[in-house]
There are 2 protein chains.
Amino acid sequence: MNLINGIAGATISVRDRGLAYGDGVFRTFPVRQGKPVWWQRQYAKLAQDCAALKIDCPSRDTFESDLSLLDTRDCVVKIIVTRGNSVRGYAPPSASAPTRVVASSPLPEYPGTHATQGVKVHLCNLRLAAQPALAAVKHLNRLENVLARAEWSDSTVAEGLLCDAADNVIGGTMSNLFIAKAGALVTPDLTACGVAGVTRDTVIEFAGSHAIPLQVKAISLDDLFAADEVFVVNSVIGVWPVIALERKAWAAGPLTLQMQRWIADAQNA
Amino acid sequence: MNLINGIAGATISVRDRGLAYGDGVFRTFPVRQGKPVWWQRQYAKLAQDCAALKIDCPSRDTFESDLSLLDTRDCVVKIIVTRGNSVRGYAPPSASAPTRVVASSPLPEYPGTHATQGVKVHLCNLRLAAQPALAAVKHLNRLENVLARAEWSDSTVAEGLLCDAADNVIGGTMSNLFIAKAGALVTPDLTACGVAGVTRDTVIEFAGSHAIPLQVKAISLDDLFAADEVFVVNSVIGVWPVIALERKAWAAGPLTLQMQRWIADAQNA
């Protein structure tokens, strides 16, 4: 089911700047038993990302009204907000009405072992470009992710890891990354590229509230391969332990499994 | 007027990957007296850009059939080809039918003096990110151009110039750039960022056929300010001399005006 500006439909204008330029932002999150998981956090990020692009974000009430119209109690919801329509040309119109899309899809059927036993990941060849003006924002310019995801078709590989041009690991194609080393967590700095997800923020918060040391800093490939534990997170998958990357193998470690429980509990709260 | 997959319409699917990810390419060119200007060159670029993203480009005949249905003899046509619809997720579907959009707009009403006397340009603060995997391709991930174009609202400024992170000039927000120095032309190397337009290629060809030395190489800001002549080009504007950038002023120089005549003649041929 799709709602476009609150009305059930299947299409948007061919003149929408979301299509023309990727001039918009999005969020993806599960709805479980009719309840959008971490909705307040998702809305806060959406509003923040709209602000980064100077797009007028529709109100939380507006989206809550849309969400109440969805016909499924368990699904994945994708929200898109674009700058709306305009005449030809890059200049953002001075007065534009944003387009909002709220679309539901079936929850993905990942093997249960992804969470319990961990996943094999691919090290992507594509290197993420450094663009501080757009870094961390979940915008609609996602060709890098598409090209990276197209690098493998082996269905036993659950995710791909992306580096920047200096071979620092930035995250997964659809997830954020954490490593554990000597009892402390590290997650990549996203000031030049990558997307800052809601689950990443939550992991950082939980580390803080449970006195687990955590640093946000560059993670080199050497750091990654030398890590005690590696895991990837997003709102739909929760926490997946990473257990294989090229010839390196890890166990699903204690910090990873602890964080997985906290995230699952918080999502179900 | 818009044709979506050959049929008059105003909308595309909200599940199109062009909206979701900017997963597609486009071209923009004038139609004059019912004739798409440099159509063969435009189609060749479109096919080349589709190939770069591994999108099946519809045939030239298909587009020619679309173009023949347009209801205006003088207009700007924008062609978009996306990877089409897919279920949620970055992975390109193994069998996807591309979406093609052919949309006409009125020819822009630029002041005639832009071509005859030249234009004032803005030096953009935004720096283009280096992404060799997408450089030169006219894809739908154009947020950098949108942010750059949003930097000025002074209507006497006709274009903005964009640099990369090393402060090499790459081009305009909607145009390619050339400088002249001591009788030779230089245009930026686009192997890490920027868009390679049809008019850029044509200027390079004309320089070759008229024995005007031309190099494709990095142009620093110092090179730019030290140039004898500066001009920007695209299929819609032709050639605009650049006559002012910050406190620097140029004349519309002889190489610029010569190239402008050749381009105009070739477009009208």
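Two strands count as paired when DSSP finds at least two bridges between them. With that in mind, start this tour of a predicted model at the place where its two chains meet.

**Stop 1: strand 3 in both chains.** Select residues 11-13 of chain A, which form strand 3, together with strand 3 of chain B. The two strands run antiparallel to each other and are joined over three bridges. Within this pair, pick A:I12; the residue opposite is B:I12, in strand 3 of chain B.

**Stop 2: the side of chain B that touches chain A.** Widen the selection to the whole contact, to which chain B gives 42 residues and chain A gives 42 residues. On the chain B side, the elements giving two or more residues are strand 1 (2-4), strand 3 (11-13), helix 1 (17-21), strand 6 (75-82), strand 7 (99-105) and helix 5 (143-149). Colour helix 5 of chain B separately, since this helix has the largest share of that side, six residues. Colouring the same side by class gives 25 nonpolar, eleven polar and six charged residues.

**Stop 3: the two copies.** Superpose chain B on chain A. A turn of 180° with a shift of 0.0 Å along the axis brings chain B onto chain A at an RMSD of 0.0 Å. This is how a two-fold axis relates copies. Of the interface residues of chain B, 100% are also interface residues in chain A, so the copies meet through the same surface.

**Stop 4: the domains of chain A.** Hide chain B and colour chain A by domain: domain 1 covers 2-105 and domain 2 covers 113-268. Taken over C-alpha atoms, the centres of domain 1 and domain 2 of chain A are 25 Å apart. Where they touch, 18 residues of domain 1 of chain A are in contact with nine residues of domain 2 of chain A. On the domain 1 side, strand 4 (24-32) and helix 2 (39-52) of chain A each supply at least two residues. Strand 4 of chain A has the largest share, seven residues. By class, this side of domain 1 of chain A consists of nine nonpolar, five polar and four charged residues.

**Stop 5: the nonpolar core.** Show both chains again. In soluble globular proteins, nonpolar side chains tend to be buried together. The largest nonpolar core here has 158 residues, and those with the most contacts inside it are A:I79, A:V242, B:I79 and B:V242. Which residues does B:V242 touch, not counting residues up to four places away in sequence? Select B:G118, B:V119, B:V121, B:V230, B:F231, B:V232 and B:W250 to see them around B:V242.

Terms used: Residues numbered from 1 in each chain as written. Chains lettered and ligands numbered in written order. Predicted model: local features only at pLDDT ≥ 70, side-chain atom pairs only at ≥ 80, totals over all residues. Contact = placed C-beta atoms within 7 Å. Helix = DSSP H or I, 4+ residues; strand = E, 2+ residues; numbered from the N terminus. Nonpolar A, V, L, I, M, F, W, Y, C, P; charged D, E, K, R; others polar. Domains from an automatic or database assignment. Least-squares fit on C-alpha atoms with pLDDT ≥ 70 in both. Core = buried A, V, L, I, M, F, W, Y, C linked by C-beta atoms within 7 Å. Buried ≥ 20, exposed ≤ 12 C-beta atoms within 10 Å, placed from the backbone.
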